[in-house]
Amino acid sequence: MYGEVLIRKASLEDVWGIVDVYCSGVEKWYRLVGGRKVESSYEELSIVERWSHGGPWMSVESCAVHLNYVLVNDQYPLVAVVDDKIVGELELYIGYGDELLGRHGYIDVLEVHRSYRRRGIGRALVEKAVEIAGDNGCETVAVWPDPNAIGFYEKIGLDKIAYRVKYVKLDITKTKPLKPDQLDIRDFPENYGMLEKWFFISPRIETSYIAWLKSRWDYAIEQEILRSFEATMNNEVALIIEEIWGEKNEANLYLWIKDKNLLDQALELSMGIAKHLGFNSLRLLASREIYEKQIEKYKHQILQDYIVLYREIK
Ligand SMILES: CC(C)(COP(=O)(O)OP(=O)(O)OC[C@H]1O[C@@H](n2cnc3c(N)ncnc32)[C@H](O)[C@@H]1OP(=O)(O)O)[C@@H](O)C(=O)NCCC(=O)NCCS
């Protein structure tokens, strides 16, 4: 029998327990040897190799940096504790307004230790997140669910579709490279205020403020390994182009525009710069409406259809 489940805000002291929860979800650990995946023990892997299995939560060193960012920015990492052991973690962000979601809580990650699933711990974490969002004046709580977890969220009341999102890979092999120094370039906004009224195009699985906030967090591991470029252009397009982990020729696009009519221009700028940086494809997560109106016409492939779910807080 298990003891009672306690949900509380995490602190840096919880890092070991949190890493243990996320690592429990990994069935086998690998490292690359001469381009081939070789099964290894966790202890044999470098911090970078551990990260490649699922991000900063895979090692205490990187998880401590991540948790520190979440806490310093007044967001809510929550842990579930049973018999003094951390058995689950959820990270809740409080976001600024958006037409549909209003002021909202966003569940960014949620993981229950593999040996403790289906015992009500995920539900208890989400219920606490909803309570905190309500205390912070939020009108809704939203999540971009892993496709395997949609049934779980529907069961616990996050059952309305906020957005349908297309994960698209633009083929830029034939795009003409564009050197950014030919453009009127400024720094990417270090302050959210400038972007608040702009249109957020990608990644539409989260809201503008949260995408901006997380884009400001630097991890030494990513800086060392991944090529990236960020800027504000002509004072009307803000973009980040970032190499995808493990895909040297592909990049992700983060995109904000001042006016909806600028989208074609912004996409062409982004594709040209990505090509100049040496990428052959550019991935974005855009709402289905934007995809149908403006993205479908470019040479592309659809990688996945996603939904963002939400519930209203009474
Ligand atoms: C998804 C996850 C968080 C659920 O946590 P959990 O503690 O096992 O869930 P709970 O026991 O609180 O389940 C609550 C209800 O949802 C149901 N449920 C749980 N997982 C489900 C799933 N994957 N699909 C459908 N229903 C599910 C449970 O049966 C329970 O229903 P009941 O109230 O009728 O008994 C957990 O399985 C997990 O960590 N998965 C891997 C990571 C992941 O997918 N996270 C979500 C990323 S957005």
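The questions and answers below deal with a nonpolar core, a pair of helices and some backbone features of this structure.

This is a predicted model, in which local features need pLDDT of at least 70 and side-chain atom pairs count only at pLDDT 80 or more, while totals for chains, interfaces and linings use all residues. Residues are numbered from 1 along each chain as its sequence is written.

Q: Why is Asp74 called exposed?
A: A residue counts as buried if 20 or more other C-beta atoms lie within 10 Å of its own, as exposed if 12 or fewer do, and as partly exposed in between, with C-beta atoms placed from the backbone. Asp74 has 9 other C-beta atoms within 10 Å, and is therefore exposed.

Q: What makes Asp83 exposed?
A: Asp83 has 11 other C-beta atoms within 10 Å, so by the cut-off of 12 or fewer it is exposed.

Q: What is notable about phi in Asp74 and in Asp83?
A: Phi of Asp74 is positive, near 60°, in a residue other than glycine, and Asp83, which is not a glycine either, has a positive phi of about 50°. Most residues other than glycine have a negative phi. Asp74 lies in the loop between α3 (60-72) and β4 (76-82), whereas Asp83 is found in the loop between β4 and β5 (85-95); helices (H or I, at least four residues) and strands (E, at least two) are DSSP runs, numbered from the N terminus.

Q: Why is α1 called roughly perpendicular to α3?
A: The axes of helix α1 (residues 15-23) and α3 come within 9 Å and cross at roughly 110°. Angles of 65 to 115 degrees count as roughly perpendicular, those under 35 as roughly parallel, those over 145 as roughly antiparallel and the rest as oblique, so α1 is roughly perpendicular to α3.

Q: Which residues of α1 and α3 meet?
A: Val15, Trp16, Ile18 and Val19 in α1 meet Val60, Cys63, Ala64 and Leu67 in α3, where contact requires C-beta atoms, placed from the backbone, within 7 Å.

Q: How do you know that the largest nonpolar core lies between domain 1 and domain 2?
A: A nonpolar core is a set of buried Ala, Val, Leu, Ile, Met, Phe, Trp, Tyr and Cys residues joined through C-beta atoms within 7 Å. Of the 87 residues in the largest one, Ile18 and Ala129 touch the most other members, and helix α4 (residues 121-135) gives the most, with seven residues. Domain 1 (5-133) and domain 2 (165-307), whose bounds come from an automatic or database domain assignment, both give residues to this core, so the core lies between them.

Key: Axes fitted to C-alpha atoms, helices over the stretch in contact; angles between N-to-C directions. Contact = placed C-beta atoms within 7 Å.
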